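Here is a friendly tour of one protein model, taken a piece at a time. Keep the picture open as you read, and try to find each part for yourself.

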Amino acid sequence: MLFSGRKLLISAHMIKPDDYDFLFAVDMKKASKVTWLKDYIGDLVSSFGFEMRTRDFQGTEITMLEDLTSPDVLSLAFIDNVLVCSYAPALVEKSIQQKDSAYWEKNESFRAVASELDDETLFTFYLNYKQLYSYLTCYMDDPGESMLALGSILSHTALNINFEEERLRFNGYTGVVTSEPSYFNALRNVKPGPMKALSVVSNRAALYVAICFDDFNEFYENLRTEFDAEDTTRAKNYDKTIRKAEKFLKVNLEEDFFGWIGNEITFVKMEPSSNAREEDVLVTIHARDINAATAGLHHITSQVRKKTAGLVKFKDTEYKNFTIQYLGFSGLLKMFFGPMFNKIERPYFTFVEDFVVMSNSPSLLMDIIDDYTMGRTLARDEAFMEFIGDFDKTSNVSAFVQLPKIYQHLYYYSKGDK
């Protein structure tokens, strides 16, 4: 009865390098309610097997409720009209210390997205990207370089969440750090393109991120400009490395690799399987001319084999009328497209419809071929296609998550003690 009709805020905070806990805050609105609740707590807790004691912290009284049947101790305090409580006493103390700083009200990047939201909503969700990598380390040994990069190129997300029939609708904004080079900055003035890889990507995908553009060359030039502005020395070294590689292999990457790229590059994480590794990823690159893509990649792979005779052990493998090949060009995707593709150091690849499908695992490519030949793709998944029907047909960036499969992935690869 006391808490009905009140706004409740639940926030997760890092309390150790590998652990986090929650802080709960409730606006009691009226001081009379606060006084009454303080008195009521003492009468209530003994009936539920708790022991109460108090301590002073910088002039604010902290009440500690100790569960006599477990080691849990709930700390709570009243900061003006707000009740804050946590099982991590340090979070309550930090709330008291911060009460006059108005940190979030003064945080311009947070306010830029939060102020755009409507007040009438069921839930509001906020994400601070600077804490994302640290949070994921609670569950994973290495969340990946791409997760670390998000903390520097994105600031905050603010979302309103409402029920619509049998669905949750998320509506809001994400702040982009324009001072840092990123895909997002490179895409700002690029005309969006359609998602096309749905016809070849398995419906077992846990995460599907599509970068789309009407003109790849425009996107790539913007991307180069972004990273050149960040570090001109590194940019010059990058160009020198490209020219050196082209001279050594006797290839022209502008023609053999870039010349055939069409409208979409996707990054996919699959649900875990018995033969999968945590680092296994899938990349699809749409080809505006699949014959040119085949010829260009064949030229690169043949030149790599000539120059590394005896070092490349993988031979082309025929699997269900698809040829799985090995590129053997170290760091090609990361070199051009950044840390999001750092897991694919020397990719295996095959051709499916108008797509070059790459992975750091040949067995994953076989799984994709199995699903494709059996019709188990996103484009043939009626529930998925009905779901994306509410989204724009073209966009610069689209991300789809299948939560049950993401849960399987996190559970399968998370630290055993979490």
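## Helices on a sheet

In this predicted model, helix α11, made of residues 290-307, lies across four strands: β13, β15 (322-326), β16 (348-352) and β17. The helix runs at about 160 degrees to β16. Helix α13 (residues 362-373) packs on the sheet as well, where it touches β12 (261-270), β13, β14, β15, β16 and β17. Its direction makes about 160 degrees with that of β15.

## The sheet of 8 strands

Now look at the strands themselves. They form an open sheet of 8 strands, with antiparallel pairing and the order β14-β15-β16-β17-β13-β12-β11-β19. Which strands stand at the edges? They are β14 (317-319) and β19 (397-401); each has a single partner strand, so one side of each is left without a neighbour in the sheet. On average, neighbouring strands here are turned by 20 degrees against each other, direction ignored.

For a closer view, pick out β13 (residues 282-287) and β17 (residues 355-359), which pair in the antiparallel sense over 5 bridges. One residue to find is V283, whose bridge partner in β17 is M358.

## A cavity beside two of the strands

The model has 2 cavities of 30 Å³ or more. The second largest holds about 30 Å³ of space. Its lining is made up of A205, A206, L207, Y208, L378, F384, F400, V401 and Q402.

Which strand supplies the largest share of this lining? That is β11, with 4 residues. Both β11 (205-212) and β19 supply at least two residues each to the lining of the second largest cavity.

## Rings that meet

Aromatic rings also pair up in this model, and the count comes to 21 aromatic pairs. Take F257 and F258: their ring centres are 5.5 Å apart and their planes stand at 70 degrees, so this pair is edge-to-face. The cut-off behind that name is an angle of over 60 degrees between the planes.

Are F257 and F258 buried or exposed? Both are buried. They also belong to a cluster in which ring pairs link F213, F216, F219, Y220, F257, F258 and W260.

## The sheet of 3 strands

Another open sheet has 3 strands, in the order β7-β8-β9, and its pairing is antiparallel. At the edges are β7 (123-128) and β9 (167-176), each pairing on one side only. Neighbouring strands of this sheet are turned by 20 degrees against each other on average, direction ignored.

How many bridges join β7 and β8? Strand β8 (residues 154-164) pairs with β7 in the antiparallel sense over 6 bridges. Within this pairing, T124 stands opposite N160 in β8. Helix α6 (residues 145-153) packs on the sheet and touches β8 and β9. The direction of α6 makes about 95 degrees with that of β8.

## A visit to T60

Finally, look for T60 in strand β4, which covers residues 60-67. T60 has a relative accessible area of 10%, so it counts as buried; the cut-off for that word is under 20%.

Leaving aside residues up to four places away in sequence, what does T60 touch? Its contacts are R55, A77, F78, I96 and K99. Along the chain, T60 and E93 are 33 residues apart, and their C-alpha atoms are separated by 9.2 Å.

Notes
Residues numbered from 1 in each chain as written. Predicted model: local features only at pLDDT ≥ 70, side-chain atom pairs only at ≥ 80, totals over all residues. Heavy atoms only, no water. Phe/Tyr/Trp six-rings, centres within 6.5 Å; stacked < 30°, edge-to-face > 60°. Buried < 20%, exposed > 50% of the residue type's maximum accessible area, 1.4 Å probe, protein only. Pairing = 2+ DSSP bridges. Axes fitted to C-alpha atoms, helices over the stretch in contact; angles between N-to-C directions. Contact = heavy atoms within 4.5 Å. 1 Å grid on protein atoms, 1.4 Å probe; cavity = no way out; pocket = protein on both sides within 12 Å on 5 of 7 lines; lining within 4 Å. Points joined across faces, edges and corners; volume = space filled by probe spheres on them.
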